[in-house]
Amino acid sequence: MGKSLYEKVWEAHQVGTLADGRTQLFIGTHLIHEVTSPQAFGMLRDLGLTVKYPQRTFATIDHIVPTINQDAPADPLAAEMMQALRQNADDFGVTYFDLASGKQGIVHVVGPEQGITQPGTTIACGDSHTATHGAFGAIAFGIGTTQVRDVLATQTMAMEPLKVRRIEVNGELRPGVYAKDVTLHIIRKLGAKGGIGFAYEYAGEVFDRMTMEERMTVCNMAIEGGARCGYVNPDEKTCEYLKGRPYVDMSNWEATVARWLSFASDADAHYDDVVVIDAAEIEPTVTWGISPDHGIAVSESIPDPSSATTADEKATIEEALAYMKLPAGTPIKGVKIDVAFIGSCTNGRLSDFREAAKFLKGRKVAEGVQAIAVPGSQIVAIQCEQEGIDKVFEEAGFEWRGAGCSMCLAMNPDKLVGDQICASSSNRNFKGRQGSPTGRTILMSPVMVAAAAVNGAVADAREVFEIATAAA
Ligand SMILES: CC(C)[C@H](C(=O)O)[C@@H](O)C(=O)O
Ligand code: SF4
């Protein structure tokens with residue numbers, strides 16, 4: 001019987017079995033940011049410990065950093081957190097991609113961009129969207145602050161092994177359907193808790209064809225489907241993306257490629273579960289509620305509690321609709337928006353801005369809508385600016401900001417106000433997620449956010465494109 005990538009990587013990193021039965025797992029790469037690392041460093045200081053492998057630890061600043069006047073946050077607490085990360089990186093000898101480095105950005109954008117994220121490795125980060133790095137065939141876990149301490153001090157952590165579910169998406173995606181729709185569709189189908197106890201292996205023709213950035217978008221949201229991690233097997237595209245990046249050792253490239261590819265799941269690997277999805281059934285998908293599994297096709301209507309099949313489902317729909325203040329049974333298309341946000345570790349990369357710019361060229365953001373575009377990293381910002389994408393956004397009426405998490409979680413000045421509705425390319429639509437306790441989030445792909453911004457309401461980007469083509 002062959003092995004899955006998950007099994008191969010796990011076995012290669014297993015240091016031993018702990019008394020409680022858990023595995024002590026070696027962590028090849030540790031990524032840190034300003035929110036979940038200060039206490040961990042504090043604990044190291046208290047215990048008189050050092051960072052075990054500082055060369056395996058990389059820091060960046062993303063959550064609290066403002067997207068305007070980035071190095072001068074008005075909030076003294078933010079300034080203090082920024083300073084603390086600088087101090088910790090200096091004191092413990094950790095590489096820090098700070099604002100002055102030109103490499104700063106959201107941790108899950110920076111890792112791949114620098115070539116730190118590599119196939120066959122284990123990666124940990126005190127952040128739930130660490131699964132993003134699985135796009136490269138890494139086993140990447142989001143961890144809590146205590147585990148951040150453990151990894152800093154020992155480069156290992158204790159973990160229970162996972163089951164593996166292979167999710168195959170075969171066939172052709174329809175025009176206007178993006179990686180974000182694929183991931184929202186999977187979560188809709190399997191539920192926000194469906195992946196508990198699993199690693200998700202994303203496979204099949206659709207993933208084979210996807211670019212690395214698209215694979216990252218899908219893996220990023222594995223956690224929103226309950227999975228502990230998600231990955232795509234490494235292939236030529238993975239290697240091509242990484243070739244020549246700053247942290248990739250190019251001294252014996254052929255051997256590196258052979259080693260990376262050897263981690264891919266064997267054809268006869270065992271899976272605990274297999275789900276097969278037909279790509280043609282996936283439509284541009286948007287959320288209507290307060291959990292990422294509250295997704296519907298943009299052509300569908302907001303669920304009606306009376307259509308629920310269980311009492312639990314009924315209560316969930318009622319709670320979501322009460323919070324969202326949306327009428328049951330009416331089309332989601334046409335729901336007015338106040339804010340449009342393109343960015344985040346899900347959809348804040350070059351290809352996301354390129355696609356949205358294609359849509360925005362020659363169009364204007366609807367009156368009364370605040371639209372902001374936030375590159376996932378300083379490098380993404382420069383790439384976009386070199387292509388004139390920033391200008392397309394600005395001419396359309398978007399604000400073009402500096403890199404960071406921005407309004408995805410609003411731990412910075414970018415926040416919704418009151419019960420504003422935001423069309424957002426991010427990954428979570430939880431209550432209060434975007435900075436206002438009554439703020440409302442509708443998740444969708446960047447192109448759909450652009451369409452909503454122009455329309456002033458949720459729109460089907462495909463129709464708006466067609467209307468434009470017909471009029472031309
Ligand atoms: C602040 C951080 C710990 C958090 C996470 O773990 O994911 C954030 O990135 C998020 O997206 O909610
Ligand atoms: S962009 Fe959003 S989801 Fe990603 S790390 Fe930042 S806050 Fe978390």
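These are my notebook entries on a predicted model.

**Entry: domains**

I began with the domain assignment of the protein, which gives domain 1 (5-274) and domain 2 (285-471). I then looked up the distance between their centres, taken over C-alpha atoms, and noted 25 Å. To the contact between them, domain 1 brings 42 residues and domain 2 brings 45 residues.

**Entry: ligand 2**

I asked where ligand 2 lies with respect to the two domains. Both domain 1 and domain 2 give residues to its shell, so ligand 2 lies between them. Around ligand 2 I listed His63, Ile106, His108, Asp127, His129, Ser344, Cys345, Cys405, Cys408, Leu409, Asn427 and Arg433. Sorted by kind, the shell holds five nonpolar, five polar and two charged residues.

**Entry: Ser344 and Ala410**

I next took up Ser344, one of the residues around ligand 2. Ser344 is found in helix H12 (residues 344-347). Its relative accessibility is 1%, so I entered Ser344 as buried, the cut-off being under 20%. The phi of Ser344 is near 90 degrees, a positive value in a residue other than glycine. I noted this angle because most residues other than glycine have a negative phi.

Ala410 also drew my attention, with a phi near 60 degrees, again positive in a residue other than glycine. I located Ala410 in the loop between strand E17 (398-400) and E18. Ala410 is buried, at a relative accessible area of 6%.

**Entry: strands E18 and E19**

I followed strand E18 (residues 421-424) to its partner and found that E18 and E19 run parallel, joined by four bridges. Within this pair, Ile421 stands opposite Arg440 in E19. I then asked which residues of strand E19 (residues 440-443) are buried on each side. Arg440 and Ile442 are buried on one side, and Thr441 and Leu443 are buried on the other, which leaves both faces of E19 covered.

**Entry: strands E9 and E10**

I turned to strand E9 (residues 163-170), which is mostly covered, with six of its eight residues buried. E9 pairs with strand E10 (residues 198-203) in the parallel sense, over six bridges. In this pairing I found Val164 opposite Ala199 in E10.

**Entry: nonpolar cores**

I asked which residues of the largest nonpolar core touch the most other members. This core has 57 residues, and the ones I recorded are Phe353, Phe359, Leu360, Phe393, Phe398 and Met444. Helix H16 (residues 446-455) supplies the largest share of this core, eight residues.

I also recorded a second, separate core of 42 residues, including Ala124, Leu152, Leu162 and Phe263.

I returned to Phe393 to list what it touches, leaving out residues up to four places away in sequence. The list for Phe393 reads Ile342, Phe353, Ala356, Ala357, Leu360, Ala373, Phe398 and Trp400.

**Entry: Glu387**

Lastly I looked up Glu387, which lies in the loop between helix H14 (378-386) and helix H15 (389-396). Is Glu387 buried, partly exposed or exposed? Its relative accessible area is 42%, which I entered as partly exposed because that class lies between the 20% and 50% limits. Setting aside neighbours within four places in sequence, I found Glu387 in contact with Leu350 and Arg354. I also checked Glu387 against Glu205: the two are 182 residues apart in sequence and 30 Å apart in space, C-alpha to C-alpha.

Conventions:
Residues are numbered from 1 along each chain as its sequence is written. Chains are lettered from A and ligands numbered from 1 in the order in which they are written. This is a predicted model: local features need pLDDT of at least 70, side-chain atom pairs count only at pLDDT 80 or more; totals for chains, interfaces and linings use all residues. Side-chain values use heavy atoms; hydrogens and water are left out. Buried means under 20% relative accessible area, exposed over 50%, partly exposed in between (1.4 Å probe, protein chains only). Helices (H or I, at least four residues) and strands (E, at least two) are DSSP runs, numbered from the N terminus. Two strands pair if DSSP finds at least two bridges between them. A residue is near a molecule or strand if one of its heavy atoms lies within 4 Å of it. Ala, Val, Leu, Ile, Met, Phe, Trp, Tyr, Cys and Pro count as nonpolar, Asp, Glu, Lys and Arg as charged, and the others, Gly among them, as polar. Domain bounds come from an automatic or database domain assignment. A nonpolar core is a set of buried Ala, Val, Leu, Ile, Met, Phe, Trp, Tyr and Cys residues joined through side-chain atoms within 4.5 Å. Contact means heavy atoms within 4.5 Å.
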